[in-house]
Number of protein chains: 2
Amino acid sequence: MKSAQTKPPSNTQRAFHSLRDMIFAGELAPGSDHLESELAVRLGVSRTPVREAALMLESQGLLELRPRKGVRILPISPEDMAEIYDVLTELESLAARCAAELSLDDSQLAPLATAIDDMDRALDASDLESWAKADDRFHGELVHLSSNSRVISIFEMMSDQVRRARKVTLFMRPMPVKSNEDHREVFEAIRSGDANLAVSLHRAHRQNAKKMIVDLLKKHRLLNV
Amino acid sequence: MKSAQTKPPSNTQRAFHSLRDMIFAGELAPGSDHLESELAVRLGVSRTPVREAALMLESQGLLELRPRKGVRILPISPEDMAEIYDVLTELESLAARCAAELSLDDSQLAPLATAIDDMDRALDASDLESWAKADDRFHGELVHLSSNSRVISIFEMMSDQVRRARKVTLFMRPMPVKSNEDHREVFEAIRSGDANLAVSLHRAHRQNAKKMIVDLLKKHRLLNV
DNA sequence: GCATATATTTGCGTATGCATTAATGAATGC
DNA sequence: GCATTCATTAATGCATACGCAAATATATGC
């Protein structure tokens, strides 16, 4: 999926990215409807590339094409997030297992290590935005170590959704101190080649994260109804 | 994704299904290129719905749109199949865990049970086609028990690919006796609510299947080069 | 005979127009 | 006053047209 975007910078690709960005920026609010023609004007192109981009985004679960109602930006419910985290838990655990079994040297593990360090630094500075970015990086790098392109692309799709949910919940949650400890432990397990340990640590880590974000989303929903 | 198809029978949807079926039937051979306009004529519609359908199929990994080369039907390499099986292993294991934890009654477990019985019967009759169908059903039902719509749709996507690969390898493999035993064991573990056992049994089962099909695909590739 | 330049073809990306069909509101009957 | 039907509106689904760029064929110079 990522590779598909790097081909040529066509209008369809631009529309795809623009719409995606607009959704993440909240410019297209979750639950809102938008006519294809309206979006086309907004992006300065015709309906065709907008439609094609919308079709792609639909298959990624960011929006839905509803005949005569326009494209509907899908909201992220706690239930959706629970599903997503369950999938991420499994796929990242697989990645952790692969990584541990590869007996990687320090240079190959460097991206993970720096991500962890960055998270610590961000935490010290109470900079949650930076922390979230580094956290994303950690999980992303981990998944890339699986060198399974399917795992990677599913992960990227779902990370998008997680990032959307995190926008809402980031400042409701406590400081992710435990989370940072988790990362270090997982990292050490991978480094020492203990696949089973890496998997079980990572699984527990993700399950905690799931519970946290799902609860926060529920709270948030209560606040906003 | 499945739900999207049930909306209205539009030309795009028809094209989507037709192309998919043609790919599975081998009518569009793996590795072959086809012009959009050519496919449009063949399906009796204009290029637009063909393009839209192709776009969807691209995001499902069945084909690739290559400017000026036409849509390329992606071949299924042993490497791809290994990736797919690794993902399926994790997601189905998750489903097995969920299923075991739900303490389902016999009526809810019935679809699994019949699938297993059908496999046995097919095996007795040495009817590999029927066996494969029942096997598909078993795995499908299992995944549906997860009631995780993401897991289900990823599974359905990847099952399509597996089915394609199986077309080629089904008659090269030995009788799946061991496979049937595996299914029964997994089933019993789920019924008795032993989640960990269900997971480990199922994981092992899928890893065996992976090795088998990947090896067969490699052999097949050697034969056809 | 070969390499480079030029012409031609061809397929795609995109715009646009039209027919279809769902949604909305008006009008009519009960 | 409410429901039902019909007319109107409007957005989509799709066909079609066109320009551009890539690929191929042709021609030209050496």
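**Exercise 1. Symmetry of the two protein chains**

What rotation, and what shift along its axis, superposes chain A on chain B?

*Solution.* The model examined here is predicted: local features need pLDDT of at least 70, side-chain atom pairs count only at pLDDT 80 or more, and totals for chains, interfaces and linings use all residues. Residues are numbered from 1 along each chain as its sequence is written, while chains are lettered from A and ligands numbered from 1 in the order in which they are written.

Step 1. Two copies of a chain are related by a rotation about an axis and a shift along it.

Step 2. Copies are superposed by least squares on the C-alpha atoms of residues with pLDDT of at least 70 in both. For chain A and chain B, the result is a rotation of 180° with 0.0 Å of shift along the axis, at an RMSD of 0.1 Å.

Step 3. This is the relation of a two-fold axis. The C-alpha of chain A nearest the axis belongs to A:E90, at 2.9 Å.

Step 4. Both copies use the same surface, since 94% of the contact residues of chain A recur in chain B. Here two residues are in contact if their C-beta atoms, placed from the backbone, lie within 7 Å.

**Exercise 2. The overall form of chain A**

Describe the elements and the dimensions of chain A.

*Solution.* Step 1. Helices (H or I, at least four residues) and strands (E, at least two) are DSSP runs, numbered from the N terminus. Chain A has 10 helices and three strands, and their order along the sequence is α-α-β-α-α-β-β-α-α-α-α-α-α.

Step 2. The radius of gyration is taken over C-alpha atoms, and the globule rule is 2.2 Å times the number of residues to the power 0.38. For the 225 residues of chain A the rule gives 17 Å; the radius of gyration is 19 Å, close to that value, so the chain is as compact as a globular protein of that length.

Step 3. Along the principal axes, the C-alpha atoms of chain A fill a box of roughly 55 × 45 × 30 Å.

Step 4. A residue is buried if 20 or more other C-beta atoms lie within 10 Å of its own, exposed if 12 or fewer, and partly exposed in between, with C-beta atoms placed from the backbone. In chain A, 36% of the 225 residues count as buried.

**Exercise 3. Two helices of chain A**

Compare the end-to-end distances of helix 5 and helix 10 with their expected spans, and state how each helix is covered.

*Solution.* Step 1. The expected span is 1.5 Å times one less than the number of residues. Helix 5 (residues 78–101), with 24 residues, should span 34 Å, and its end C-alpha atoms are 34 Å apart, which agrees.

Step 2. Of these 24 residues, 18 are buried, so helix 5 is largely enclosed by the rest of the structure. After helix 5 comes A:S103, whose phi is positive, near 40°.

Step 3. Helix 10 (residues 195–224) has 30 residues and reaches 43 Å, close to the expected 44 Å. Its buried residues include A:L201, A:H205 and A:I213. Helix 5, helix 8 and helix 9 (177–191) of chain A are among the elements that cover them.

**Exercise 4. The contact between the chains**

Which parts of chain A touch chain B, and which helix gives the most?

*Solution.* Step 1. Contacts join 18 residues of chain A to 18 residues of chain B.

Step 2. Helix 4 (47–59), helix 5 and helix 8 (149–169) of chain A each supply at least two residues of this side. Helix 5 gives the most, with seven residues.

Step 3. For the classes, Ala, Val, Leu, Ile, Met, Phe, Trp, Tyr, Cys and Pro count as nonpolar, Asp, Glu, Lys and Arg as charged, and the others, Gly among them, as polar. The side of chain A that touches chain B has 10 nonpolar, three polar and five charged residues.

**Exercise 5. The surface near DNA strand C**

Which residues come nearest to DNA strand C?

*Solution.* Step 1. A residue is near a strand if its C-beta atom, placed from the backbone, lies within 6 Å of it. Of the 16 residues around DNA strand C, A:S10, A:N11, A:T12, A:S46 and A:T48 come nearest.

Step 2. Helix 2 (11–24) and helix 4 of chain A, with helix 3 (36–43) of chain B, each supply at least two residues. Helix 4 of chain A has the largest share, three residues.

Step 3. By class, this surface has five nonpolar, seven polar and four charged residues.
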